[in-house]
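Please read the questions below alongside the sequence and the coordinates, and try each one before reading the reply.

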Amino acid sequence: MELLIDLTKRFIRKFINAFSGLWAGIRYDNSILLQFVLAVASIIVFAIIKITFVEWMFVINAIFIVIITEFLNSSVEDLCDLLVDKYDLHVKEIKDIAAAAVLLSAIYAVIVAVIIVGRHML
């Protein structure tokens with residue numbers, strides 16, 4: 001029984017840590033905060049134009065992909081800044097590659113939005 005209680009406490013602690021990271025990202029990283037603001041704005045717009053269930057699945061998918069990649073990009077950038085305190089070409093390349101992941105996810109989100117809005121405008 002004690003083992004079960006210990007496992008449950010560790011399981012709950014992992015969720016608490018994850019939500020703490022979510023909150024830290026929103027509070028301390030302007031790029032992450034911007035993505036959340038854009039996500040809320042997108043949800044409001046798509047709710048107004050009454051998109052279908054399948055369209056909602058694409059919108060939610062795009063929103064989560066952009067936010068997840070932004071969290072990963074911010075983590076990579078912060079880690080690089082902690083490990084290397086002077087300009088380094090390799091660090092720049094690592095940061096650029098992480099930023100490219102966010103760019104690609106944002107392009108995907110824009111394509112999804114254009115297709116959905118375009119369908120509803122015709």
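The questions and answers that follow concern a predicted model.

Q: Which order of elements does the protein chain show from the N terminus on?
A: The secondary structure of this predicted model comes to 4 helices and 0 strands. Read from the N terminus on, the elements of the protein chain therefore run, with helices counted as DSSP runs, in the order α-α-α-α.

Q: What radius of gyration does the protein chain have, and what would a compact globule of 122 residues have?
A: Taken along the principal axes, the box filled by the C-alpha atoms is roughly 55 × 50 × 20 Å. Buried residues make up 20% of the 122 residues in the protein chain. A compact globule with that number of residues would have a radius of gyration near 14 Å, whereas the protein chain has 19 Å.

Q: Which helix supplies the largest share of the largest nonpolar core?
A: This core has 9 residues, among them Ala-39, Phe-46, Ile-63 and Val-112. Helix H2 (30–48), helix H3 (53–83) and helix H4 (89–121) each supply at least two of its residues. The largest share, 4 residues, comes from H3.

Q: Which residues does Ile-63 touch, not counting residues up to four places away in sequence?
A: Ile-63 belongs to the largest nonpolar core, and Ile-63 is also listed with Leu-38, Ser-42, Val-66 and Ala-109 as lying nearest the centre of the largest pocket. With residues up to four places away in sequence left out, the residues that Ile-63 touches are Ala-39 and Ile-43.

Q: How many charged residues does the lining of the largest pocket have?
A: The largest pocket has a volume of about 310 Å³ and is lined by 15 residues. The elements that give two or more residues to this lining are H2, H3 and H4. By class, the lining has 13 nonpolar and 2 polar residues, and the number of charged residues is none.

Q: Is Ser-105 buried or exposed, and why?
A: Ser-105 lies in helix H4, and, not counting residues up to four places away in sequence, Ser-105 touches Ile-65, Val-66 and Thr-69. Its relative accessible area is 4%. The cut-off for a buried residue is under 20%, so Ser-105, at 4%, is buried.

Q: Why does Lys-50 count as exposed, and what is the sign of its phi?
A: Lys-50 lies in the loop between H2 and H3. Lys-50 counts as exposed because its relative accessibility is 67%, and the cut-off for that class is over 50%. Most residues other than glycine have a negative phi. Phi of Lys-50, however, is near 55°, and the sign is positive.

Q: How far apart in space, C-alpha to C-alpha, are Asp-81 and Lys-95?
A: Asp-81 has its place in helix H3, where, at 43% relative accessibility, Asp-81 counts as partly exposed. Asp-81 and Lys-95 are 14 residues apart in sequence, and their C-alpha separation in space is 9.8 Å.

Q: What distance separates the C-alpha atoms of Arg-13 and Val-117?
A: Arg-13 is found in helix H1 (residues 2–28), and at 46% relative accessibility Arg-13 counts as partly exposed. Arg-13 and Val-117 are 104 residues apart along the chain, and the distance between their C-alpha atoms is 41 Å.

Conventions:
Residues numbered from 1 in each chain as written. Predicted model: local features only at pLDDT ≥ 70, side-chain atom pairs only at ≥ 80, totals over all residues. Heavy atoms only, no water. Core = buried A, V, L, I, M, F, W, Y, C linked by side-chain atoms within 4.5 Å. Buried < 20%, exposed > 50% of the residue type's maximum accessible area, 1.4 Å probe, protein only. Contact = heavy atoms within 4.5 Å. 1 Å grid on protein atoms, 1.4 Å probe; cavity = no way out; pocket = protein on both sides within 12 Å on 5 of 7 lines; lining within 4 Å. Points joined across faces, edges and corners; volume = space filled by probe spheres on them. Nonpolar A, V, L, I, M, F, W, Y, C, P; charged D, E, K, R; others polar. Rg over C-alpha atoms; globule rule 2.2 N^0.38 Å.
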